Amino acid sequence: IITSLDLQLNRKEQKQLDSRPIEDPRAYDAYLRARREIFQMTVQSMEKAEYLIDQAMKLIGPNPILIATKGQVHLSYIMLGIKPDPIHLQIAEECLKELKLLDPGSTYIYLLSGLLRYKQARIQEAANDLKKVLEQNPSNRDGLLYLGIVYLLAGQAAKAELLLEELVEVDPLTAVNYIMPGYAKACQGD
């Protein structure tokens, strides 16, 4: 069936397929499971996500996507009201500093910076950072989600809806993604 479709990838698509943010399959599995736990949004799931990211880092050492995800977990503790201790904001800031040292051109710098600015209610700066994420990788699911949320907060629900519909196409297996386009429609009065 695959050969009968005669699909051709352009260079950008091939590069995305060839690039693997985490080479070790065990570490990548831990990362994917951590992402799933983050979106469960409970104390137990966030603690498990933190544990899984730590385990992945023990396997492969510092890695931009793992560091950014660790920062995201710590910001989520605060933003979701799970553990509102300011230490989590400090840890996320430290993750951002580590990212800048490890990989100065990384998309994940802009992602984590955007999330930090969002948490700090610096909405325009958050939007600018998250736009840079999508400039570097238009299919970045976190960039699509969080820029969509920032647009909603800024009263730009129509822009948010477009991004959030794209998010469903990019990541159809994450249940929360299906809620977001409908929420954007509701914000527009639909």
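**Exercise 1. Determine which helix gives the largest share of the lining of the second largest pocket, and describe that lining.**

Solution. In this predicted model, the largest share of the lining of the second largest pocket comes from helix 9, with 3 residues. The elements that give two or more residues to this lining are helix 5 (64-79), helix 9 and helix 11 (176-187). Next, the residues themselves are listed: the lining consists of Ile 38, Phe 39, Met 41, Ser 76, Met 79, Leu 80, Tyr 118, Leu 145, Tyr 146, Ile 149, Val 176 and Met 180. Sorted by class, they comprise 11 nonpolar residues, 1 polar residue and no charged residues. The volume of the pocket is about 310 Å³.

**Exercise 2. Identify the helix that gives the most residues to the largest nonpolar core.**

Solution. The largest nonpolar core has 53 residues. Among those with the most contacts inside the core are Leu 112, Leu 145, Leu 147 and Leu 152. Helix 9 (residues 141-153) gives the most to this core, namely 8 residues. For Leu 112, residues up to four places away in sequence are set aside; the residues then touched are Ala 68, Gly 71, Gln 72, Leu 75, Ala 92, Cys 95, Leu 96 and Leu 99.

**Exercise 3. Decide whether Ser 45 is buried or exposed, and locate its surroundings.**

Solution. Ser 45 lies in helix 4 (residues 43-60). Its relative accessibility is 3%. Buried means under 20%, so Ser 45 counts as buried. Leaving aside neighbours within four places in sequence, Ser 45 is in contact with Glu 37 and Gln 40. Finally, Ser 45 and Arg 35 are 10 residues apart in sequence, and their C-alpha atoms are 9.8 Å apart in space.

Terms used
Residues numbered from 1 in each chain as written. Predicted model: local features only at pLDDT ≥ 70, side-chain atom pairs only at ≥ 80, totals over all residues. Heavy atoms only, no water. Core = buried A, V, L, I, M, F, W, Y, C linked by side-chain atoms within 4.5 Å. Buried < 20%, exposed > 50% of the residue type's maximum accessible area, 1.4 Å probe, protein only. Helix = DSSP H or I, 4+ residues; strand = E, 2+ residues; numbered from the N terminus. Contact = heavy atoms within 4.5 Å. 1 Å grid on protein atoms, 1.4 Å probe; cavity = no way out; pocket = protein on both sides within 12 Å on 5 of 7 lines; lining within 4 Å. Points joined across faces, edges and corners; volume = space filled by probe spheres on them. Nonpolar A, V, L, I, M, F, W, Y, C, P; charged D, E, K, R; others polar.
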